[in-house]
Amino acid sequence: MPKGPCRTLQIAESRVARIERCNHGTIHVHLGALSLRLSPEQLEELAEALSSASQALAPASETVPATRWVC
Ligand SMILES: [Zn+2]
């Protein structure tokens, strides 16, 4: 594993989050003032949990624009 400071490459972005992978193999998830550092395995588990939560809140037949939920 390389030493020294992180050099990141953005791998995904949305209106609420930005996700980067660094030269150490860590996934950096930036969500507002919150930043998470995850392993690729943890990212996959988190993605599955978020997907399950999203499906539980919004059945496919009742899809609404995301902006409706912004305070
Ligand atoms: Zn790093």
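These are short numbered notes on the fold of a predicted model.

1. Overall make-up. The chain holds one helix and four strands. Reading from the N terminus, the order of elements is β-β-β-β-α. The helix therefore follows the four strands along the chain.

2. The sheet. The four strands make an open sheet, ordered β1-β2-β3-β4, with antiparallel pairing. At its edges sit β1 (8-13) and β4 (34-38), each of which pairs on one side only. From one strand to the next, the twist averages 25°. In general, strands of a sheet pair through backbone hydrogen bonds, either parallel or antiparallel.

3. The β2-β3 pair. Strand β2 covers residues 18-22 and strand β3 covers residues 27-31. Four bridges join β2 and β3, in the antiparallel sense. For one residue pair to check on the model, take R21: its bridge partner in β3 is I27.

4. The helix. Helix α1 runs over residues 40-57, which is 18 residues. From first C-alpha to last, α1 reaches 26 Å. That is close to the 26 Å expected at 1.5 Å a residue. Cover is another matter: α1 is hardly covered, and the count of buried residues among its 18 is zero.

5. Burial across the chain. How much of the chain counts as buried? The figure is 1% of the 71 residues. The cut-off behind this is 20 or more other C-beta atoms within 10 Å of a residue's own.

6. Contact range. Take the contacts in the chain with a separation of 6 or more. Residues 24 or more positions apart account for 2% of them.

Notes: Residues numbered from 1 in each chain as written. Predicted model: local features only at pLDDT ≥ 70, side-chain atom pairs only at ≥ 80, totals over all residues. Helix = DSSP H or I, 4+ residues; strand = E, 2+ residues; numbered from the N terminus. Expected span 1.5 Å × (residues − 1). Buried ≥ 20, exposed ≤ 12 C-beta atoms within 10 Å, placed from the backbone. Pairing = 2+ DSSP bridges. Axes fitted to C-alpha atoms, helices over the stretch in contact; angles between N-to-C directions. Contact = placed C-beta atoms within 7 Å.
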